[in-house]
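Thank you all for coming; I would like to walk you through a structure that is probably new to most of you. Please take a moment to look at the sequence and the model before I go on.

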Amino acid sequence: MSITRRQLLAGAAGSVAGLAGAKTEAVPGATQPSIVMIVTDDMRADEWEALPRTRALLADAGTTFPNFILTTPQCGPSRASILTGRYAHSTGILGNGGAYRIFRDSGSEANTVAVWLQQAGYRTALIGKYINGFQNFGHGVVPTGWTDWHSMMDVPTAYDHFNLSENGTLTSFKKEDGAYGTDVFAERALAIIADTEPQQPLFLMLNVSAPHGSPKPAPRHHKLFSNAAVPRTDAFNEADVSDKPRYIREVAPFTPERIAEIDAERRGRLQTLQAVDEAVERIVGLLEQEGRLESTVILFLSDNGYLLGEHRWWAKSVAYEESARVPLVVRGPGFSAGAVREELVANIDLAPTLAVIAGIDVPEIVDGRPLPMINNDPGPPRQAALIQYLKYPGGVDRYRALRTPSLLYVEYFTGERELYDLARDPLQLTNLAGNPAARETISALSARLAALADCGGAACRAAENEPLRLPRWPL
Ligand SMILES: [Ca+2]
Ligand SMILES: [Ca+2]
């Protein structure tokens with residue numbers, strides 16, 4: 001793989017040594033942008049409407065990628081993919097259960113973007129959620145690659161009573177003392193930014209719990225969104241699920257009581273996001289005050305989407321759009337203000353993107369690729385991305401899916417198939433897999449899926465790039 005480095009800032013000079021597994025060093029005097037990556041937990045695409053400050057400060061002032069794909073739409077696998085740039089079948093982290101043990105024991109933890117950036121001279125800071133199951137290993141563990149470690153030692157639902165490992169020391173926070181997770185996390189982020197010398201590049205990863213269920217807002221936001229309800233699209237409580245796989249067909253239509261519960265969760269989710277919106281404003285404000293804003297790349301994303309009753313599903317992990325696609329927003333050098341880029345990009349692209357921003361080579365082991373505008377060796381655009389959920393048992397049957405710019409094709413291990421024409425049916429109401437006219441298209445999609453299923457490194461990119469010829473499509 002020959003993704004070349006690129007100097008993002010005018011006046012930046014020199015090149016950087018570093019290949020896969022090799023020690024990577026920053027060039028003295030080179031200007032490396034700082035990076036702030038804010039990751040929400042289970043946030044849906046339509047929940048952006050509840051973030052006016054973030055929209056103004058990051059989306060309007062940055063580039064939006066509406067087709068950002070979560071290659072395994074579940075917390076642990078997705079976060080492992082974000083940190084390593086590798087698909088779940090490469091990291092081996094297929095689900096939340098046991099995720100951290102695998103992350104550590106497989107060597108993934110020793111080869112994260114934090115490790116690369118720290119070796120390249122960055123101060124690296126993690127605040128909030130790390131990898132699912134980390135809390136079971138005790139607060140004395142501070143993973144390699146992190147200069148500042150403020151890790152959530154409880155599940156995301158512990159919004160207002162939780163423990164943090166602060167560089168290996170356990171600190172407890174309680175609601176009775178006025179503590180609220182997002183606020184505490186934001187304070188840590190602000191303190192680290194304020195404490196970082198101007199010439200020191202910073203990589204700060206802020207992993208908030210919002211809007212993960214069961215959402216608990218900060219007390220000051222309890223009364224907001226009192227009329228919130230899940231949008232009643234035709235996908236909500238989908239009337240006809242006879243075209244859907246077994247695990248969906250088995251879900252009964254929602255009762256009014258169930259719908260009221262879902263709407264209450266919607267309300268709580270929007271409320272919890274308000275503290276995140278405020279945190280973004282404070283972080284951007286401090287970066288500006290410190291004179292670092294224009295030399296900082298700020299990314300805002302969710303680890304996975306979430307269904308609130310669409311297709312009768314109230315959870316995540318499925319391949320449907322509400323789960324596997326959320327917007328990615330990036331502000332900073334290299335990312336045009338107000339731009340919208342429609343390319344298929346994915347969570348596995350983030351680690352290589354940050355490597356390029358830092359001026360270091362992307363390790364060969366990485367499956368993803370830098371975002372298009374900072375990729376000096378882009379090649380053909382990605383024609384398809386793999387979405388997969390391989391952990392069993394669970395509510396969702398295991399599947400591999402192919403997402404192209406215009407369709408979603410799913411192969412379940414049960415033998416069931418789904419095919420949606422997203423251009424004509426963005427709500428995924430009509431499964432075309434049973435249509436005899438789709439047979440040749442499905443065989444082309446199935447072959448591409450097979451090529452991606454066990455791919456690694458450059459082979460993933462080659463299989464993603466190969467032009468897809470779909471016979472008799474659209475139907
Ligand atoms: Ca999540
Ligand atoms: Ca249907």
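Which residues of the largest nonpolar core touch the most other members? They are M37, L117, Y130 and F203, in a core of 49 residues. Before going further, I should say that this is a predicted model, in which local features need pLDDT of at least 70, side-chain atom pairs count only at pLDDT 80 or more, and totals for chains, interfaces and linings use all residues. Residues are numbered from 1 along each chain as its sequence is written, chains are lettered from A and ligands numbered from 1 in the order in which they are written, and side-chain values use heavy atoms, with hydrogens and water left out.

By a nonpolar core I mean a set of buried Ala, Val, Leu, Ile, Met, Phe, Trp, Tyr and Cys residues joined through side-chain atoms within 4.5 Å, where buried is under 20% relative accessible area, exposed is over 50% and partly exposed is in between, with a 1.4 Å probe and protein chains only. Helix α10, residues 350–358, gives the largest share of the 49-residue core, namely 7 residues. If we set aside its neighbours within four places in sequence, F203 has contacts (heavy atoms within 4.5 Å) that include M37, L117, W146 and L354. There is also a second, separate core of 43 residues, with W313, Y389, A433 and L449 among them.

Let me turn to the sheet, where helices (H or I, at least four residues) and strands (E, at least two) are DSSP runs numbered from the N terminus, and two strands pair if DSSP finds at least two bridges between them. Ten strands form an open sheet with mixed pairing, in the order β6-β5-β4-β3-β7-β1-β8-β9-β2-β10. Since β6 (169–174) and β10 (345–346) stand at the edges with a single partner strand each, one side of each is left without a neighbour in the sheet. Within this sheet, β2 (residues 63–69) and β9 (residues 325–331) run antiparallel and are joined by 5 bridges, with T63 partnered by V330.

Now to the calcium ions, whose donors are N, O and S atoms within 2.8 Å of the metal, or 3.2 Å for Na, K and Ca; water is not among the atoms, so sites may look incomplete. Around the calcium ion (ligand 1), the protein donors come from D41, D42, C75, D303 and N304, at 2.2 to 2.6 Å. D41 sits in the loop between β1 and α1, and D303 in the loop between β8 and α9, so the pair ties together parts that are 262 residues apart in sequence. Both of these aspartates, D41 and D303, are buried. The calcium ion (ligand 2) is coordinated by E238, D240, D243 and L429, at 2.3 to 3.1 Å. Here E238 is buried, because its relative accessibility is 2%, whereas D240, at 46%, counts as partly exposed.

Finally, consider the strands β12, β13 and β14. A hairpin of 3 residues joins β12 to β13, and another, with 4 residues between its strands, is formed by β13 and β14. In the turn of the latter, G415 has a positive phi of about 100°. Is β13 buried or exposed? Of its 6 residues, 6 are buried, so β13 is largely enclosed by the rest of the structure. L407, Y409 and E411 point one way from this strand, and L408, V410 and Y412 the other way.
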